[in-house]
Amino acid sequence: MKTITTTEALADYCRRAATFPYVTVDTEFLRERTYYSKLCLVQLAVMGDDDEVDAVLVDPLADGLSLEPLYELFRDEGVVKVFHAARQDLEIFYVDAGLIPSPLFDTQVAAMVCGFGDQAGYETLVRKIAKAQLDKSSRFTDWSRRPLTDAQKKYAIGDVTHLRVIYEFLKAQLEETGRAKWVKEELSVLTDPDTYTVDPDEAWKRVKTRTNSARFLAIVRELARFRETYAQERNIPRSRVYKDDALMELASTKPKDMGELGRSRLLLREARKGEVAEGILAAVQAGLDCPQEDLPKVEKDGRDKLQVNPALADLLRVLLKARCEETGVAQKLIASAADLDLLAAGKRSVPALKGWRAEVFGKDALRLCDGELALGVKGQSVQVIET
């Protein structure tokens with residue numbers, strides 16, 4: 001198997017790939033010690049001579065290699081870029097080059113639409129569609145070490161060679177069932193740059209709290225903002241600055257000086273001194289000093305006070321299960337349990353009532369809520385009955 005280590009060789013391969021209708025892509029990376037993923041390997045494959053797959057490994061750690069030829073291929077609207085579970089791969093390319101490959105196809109999303117269940121893992125698709133087995137023993141190896149072992153190379157190349165068979169199978173299924181537009185609708189999240197942008201000002205919303213105290217949340221907001229900014233600027237995991245449990249402790253104890261900060265039970269030793277300690281104290285003070293009008297506004301969706309009709313919620317679950325069994329679409333792709341509770345409480349601003357989901361489930365769900373449909377059982381199947 002060929003490993004590309006020069007920009008010239010990468011450009012040659014990408015020029016050839018641009019003559020094909022699609023190219024399969026995967027990456028290997030590390031993220032345990034950095035905020036942003038460290039790209040260690042890119043795998044590419046197109047159809048070669050005599051129906052053989054022309055697959056290569058691209059070494060982004062090779063001295064002097066530029067990924068610009070690859071990014072030029074990613075910008076080529078005439079070539080579909082095929083990934084499996086693309087989110088983390090796309091984040092790498094967006095952070096590095098500010099681009100998202102287009103047009104895009106994600107076989108995990110497509111598989112969930114085509115009847116392969118909620119957990120459409122790559123290994124499962126290889127077994128069921130490509131009729132092959134994967135050796136996953138190299139999955140958690142250190143991809144930054146050089147030279148790569150033969151086992152690593154074999155594992156990595158398998159992630160794009162079988163992907164070609166999976167893509168062609170799923171593409172044919174989508175065309176036959178008319179569901180290609182469903183997948184395109186789902187991919188809108190993956191192709192949205194906001195998906196890969198973490199705004200330090202919004203970081204506090206990801207911290208789980210058990211209070212709606214605006215002042216407490218103001219301190220949480222400032223501590224989360226400082227942590228996110230510090231981690232991004234130094235490219236270290238946010239947990240290396242301080243973890244969520246330490247953040248919550250700090251928001252509760254509100255240390256005013258180094259002495260009080262030093263009594264924290266959960267704060268890492270490295271965070272009790274220097275820039276991090278100073279940043280913590282400044283963040284706590286900023287939260288305490290925040291004007292009343294600038295305190296965080298907690299947006300409630302009302303789920304804690306929903307007047308849920310439990311019988312209707314159960315009927316909606318049965319309807320969802322029946323529709324998913326009938327269409328072969330994964331349930332979690334259409335509606336969550338929380339969405340069904342919202343519907344049973346009379347709420348109508350849920351994703352299940354929009355786009356293709358409405359065709360599969362949402363319209364009938366509304367009719368069920370309005371008493372226009374009933375559910376019955378015949379043998380092993382659920383029947384929808386007009387009332």
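**Close-up 1. The second largest pocket of this predicted model draws its lining from a strand and two helices, among other residues.** Strand 6 (104-106), helix 6 and helix 7 (180-190) each bring at least two residues to the lining. Helix 7 gives the most, with five residues. In total, 14 residues line the second largest pocket, and Leu104, Phe105, Ala180, Lys184 and Leu187 are the ones nearest its centre. Sorted by class, the lining has nine nonpolar, two polar and three charged residues. The space inside the second largest pocket comes to about 340 Å³.

**Close-up 2. Here is the largest pocket, with about 760 Å³ of space.** Look for Thr27, Glu28, Phe29, Arg139 and Tyr155, which are the closest to the centre among the 25 residues that line the largest pocket. Strand 2 (22-30), helix 3 (87-97), helix 5 (122-130) and helix 6 (150-177) each supply at least two residues of this lining. The largest share, five residues, comes from strand 2. By class, the lining of the largest pocket holds nine nonpolar, six polar and 10 charged residues.

**Close-up 3. Phenylalanine 74 meets phenylalanine 93 in an edge-to-face aromatic pair.** The model has 12 aromatic pairs. In the pair of phenylalanine 74 and phenylalanine 93, the ring centres are 4.9 Å apart and the planes are at 70°. Phenylalanine 74 belongs to helix 2 (residues 68-75) and phenylalanine 93 to helix 3, so their pair ties together parts that are 19 residues apart in sequence. Both phenylalanine 74 and phenylalanine 93 are buried. Widen the view a little and you can find one aromatic cluster formed by Tyr71, Phe74, Phe83 and Phe93.

**Close-up 4. Arginine 234 places its charged end over the ring of tyrosine 230.** The distance from that charged end to the centre of the tyrosine 230 ring is 3.7 Å.

**Close-up 5. Cysteine 14 and cysteine 114 appear here in a model with zero disulfides.** Why is cysteine 14 without a bond to cysteine 40? The sulfur of cysteine 40 is the closest cysteine sulfur to that of cysteine 14, but at 19 Å it is too far for a bond. For cysteine 114, the nearest cysteine sulfur belongs to cysteine 324 and is 14 Å away, and cysteine 114 is in no disulfide. Are these cysteines buried or exposed? Cysteine 14 counts as buried because its relative accessibility is 5%, and cysteine 114, at 14% relative accessibility, counts as buried too.

Conventions. Residues numbered from 1 in each chain as written. Predicted model: local features only at pLDDT ≥ 70, side-chain atom pairs only at ≥ 80, totals over all residues. Heavy atoms only, no water. 1 Å grid on protein atoms, 1.4 Å probe; cavity = no way out; pocket = protein on both sides within 12 Å on 5 of 7 lines; lining within 4 Å. Points joined across faces, edges and corners; volume = space filled by probe spheres on them. Helix = DSSP H or I, 4+ residues; strand = E, 2+ residues; numbered from the N terminus. Nonpolar A, V, L, I, M, F, W, Y, C, P; charged D, E, K, R; others polar. Disulfide = S-S within 2.5 Å. Buried < 20%, exposed > 50% of the residue type's maximum accessible area, 1.4 Å probe, protein only. Phe/Tyr/Trp six-rings, centres within 6.5 Å; stacked < 30°, edge-to-face > 60°. Lys NZ or Arg CZ within 6 Å of the ring centre and 35° of its normal.
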